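Subject: Structure handover

Hello,

Here is the structure you will be working with. My notes on it follow below.

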Amino acid sequence: PGAGGRGRRRLGEGGDGLDVVFIGDSITEQRQGTMMGKSVTDFDGIKEVFGKTFTKDKGGDFNGIAMGISGDTTKNLLWRLMNGEMPYGLTPKVWWVGIGLNDLTMKGCSEEVVLLGILRVVEEIQNSHPSDIIVINSILPVVRNTDGLLEHLGKHHEDVALKKKEKNLLDEEMNKKRDHVDLWPSIVAINEELSKFASAHKGVKFFNADNVFVEERQNGKYVKMDLMHDTVHPNLSGHKKWNSEIKKRLHEIIKDGE
């Protein structure tokens, strides 16, 4: 419940002339330079880059704000939207939704529950802002081993890949809730359904961030470790590349809408 108050204070930046509002969890909150509402020195650069990209007065192509709260699930975000974070007058051209990872990891929800939670958030925005565009960002990959291995390709590498995953799952830094589960297949399944939903619904778009954070090598698919701050959060380089691709997509979306 306390999350809604923090969100409303951030709206003091104003809603007029906004091109995009980013809503989500800690990955979105990084763009504010904070974690759990407290400034984090490691995220200062991320905040600066976000400002330069999404503030026209700072040389950006768009005006945007980020409203993220660490630990938020789809249920938390829905509560925020229903209790003050979509006030009359906040009318961006695009709502950029990045949520669902905490449902899958911290809460241990099934793929179906995570999907329904994300779509319920989309529905709430549509009900209040039927003419606005909604972009659903794909759930980002989760690092589960030191090499960033997500998916092995080819039988030759199967045994080695699985043994390496099992060994690395013992790492203390991995999430305790579902550290026994390889989350990549679940993330892929959810993202595929989100993409299908967006294709079938007017005003809804899907943005696949795998193009930024995942690479395919000869023996498998890997998270680009040089773009990650930890197991789930992008670092400064990751945000730079992600922002660049988001900017390209926004140009396409807003141009088509004019």
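In which helix is glutamate 48 found? Glutamate 48 sits in helix α3, which covers residues 44–54. Please keep in mind throughout that this is a predicted model.

Two more points on that residue. Glutamate 48 is partly exposed, at a relative accessible area of 47%. Its C-alpha is 8.2 Å from that of glycine 33, and the two residues are 15 apart in sequence.

**Overall picture**

The chain has 258 residues, and 52% of them count as buried. Its secondary structure comes to 10 helices and 10 strands. Among contacts with a separation of 6 or more, 76% join residues 24 or more positions apart. The exposed area of the chain is about 12700 Å². Carbon and sulfur atoms supply 49% of that area.

**The core**

In soluble globular proteins, nonpolar side chains tend to be buried together. Here the largest nonpolar core has 63 residues. Ile23, Trp96, Ile125 and Trp242 have the most contacts inside it. Helix α6 (residues 111–128) gives this core its largest share, seven residues.

Take isoleucine 23. Isoleucine 23 belongs to strand β1. Is isoleucine 23 buried or exposed? Its relative accessible area is 0%, so isoleucine 23 is buried. Outside its sequence neighbours up to four places away, isoleucine 23 touches Thr28, Met67, Leu77, Leu81, Trp95, Trp96, Val97, Gly98 and Ile125. Two of the names with the most contacts inside the core, Trp96 and Ile125, are thus on that list. Leu81 is there too. Leucine 81 is 58 residues from isoleucine 23 along the chain, and their C-alpha atoms are separated by 9.4 Å.

Tryptophan 96 repays a look as well. Beyond its neighbours within four places in sequence, tryptophan 96 is in contact with residues including Val20, Val21, Phe22 and Ile23. Further along the chain, its contacts include Val135, Asn137 and Phe207. Ile246, Arg249 and Leu250 are also among them.

Helix α6 also holds a charged residue, glutamate 124. Why does glutamate 124 count as buried? Its relative accessible area is 12%, and the cut-off for buried is under 20%. With neighbours within four places in sequence left aside, glutamate 124 is in contact with Leu78, Leu81, Met82 and Met86. Leu81 therefore appears in the contact lists of both glutamate 124 and isoleucine 23.

**Cavities**

Rolling a probe the size of a water molecule over the atoms shows where empty space is left. How many cavities of 30 Å³ or more does a search of the whole structure find? There are two. The largest has a volume of about 140 Å³. Its lining comes to 16 residues. Nearest its centre lie Ile27, Gly98, Ile99, Asn137 and Ser138. Three elements give two or more residues to this lining: β1 (20–24), α2 (26–29) and β5 (94–98). By type, the lining divides into nine nonpolar, five polar and two charged residues.

Serine 138 is one of the residues nearest that centre. Serine 138 is found in the loop between β6 (133–137) and β7 (149–152). It counts as buried because its relative accessibility is 4%. Which residues does serine 138 touch, not counting those up to four places away in sequence? They are Asn191, Phe206, Phe207, Asn208, Ala209 and Asp210.

Serine 26 lies in helix α2. At a relative accessible area of 9%, serine 26 is buried. Leaving aside neighbours within four places in sequence, serine 26 is in contact with Met35, Ile69, Ser70, Gly71 and His233. Serine 26 is 11 residues from glycine 37 in sequence, with 9.8 Å between their C-alpha atoms.

**A backbone detail**

Please look at methionine 36. Methionine 36 is not a glycine, yet it has a positive phi of about 55°. It lies in the loop between β2 (34–35) and β3 (38–39). With 54% relative accessibility, methionine 36 counts as exposed.

Best wishes

How values were computed: Residues are numbered from 1 along each chain as its sequence is written. This is a predicted model: local features need pLDDT of at least 70, side-chain atom pairs count only at pLDDT 80 or more; totals for chains, interfaces and linings use all residues. Side-chain values use heavy atoms; hydrogens and water are left out. Helices (H or I, at least four residues) and strands (E, at least two) are DSSP runs, numbered from the N terminus. Buried means under 20% relative accessible area, exposed over 50%, partly exposed in between (1.4 Å probe, protein chains only). Contact means heavy atoms within 4.5 Å. Accessible areas come from the Shrake-Rupley method with a 1.4 Å probe; for residues, only the protein chains shown count as cover. On a 1 Å grid over the protein atoms alone, a cavity is a set of points where a 1.4 Å probe fits but cannot get out, and a pocket is an open set with protein on both sides within 12 Å along at least five of seven lines; lining residues have an atom within 4 Å of a point. Grid points are joined across faces, edges and corners, and a volume is the space filled by probe spheres set on the points. A nonpolar core is a set of buried Ala, Val, Leu, Ile, Met, Phe, Trp, Tyr and Cys residues joined through side-chain atoms within 4.5 Å.
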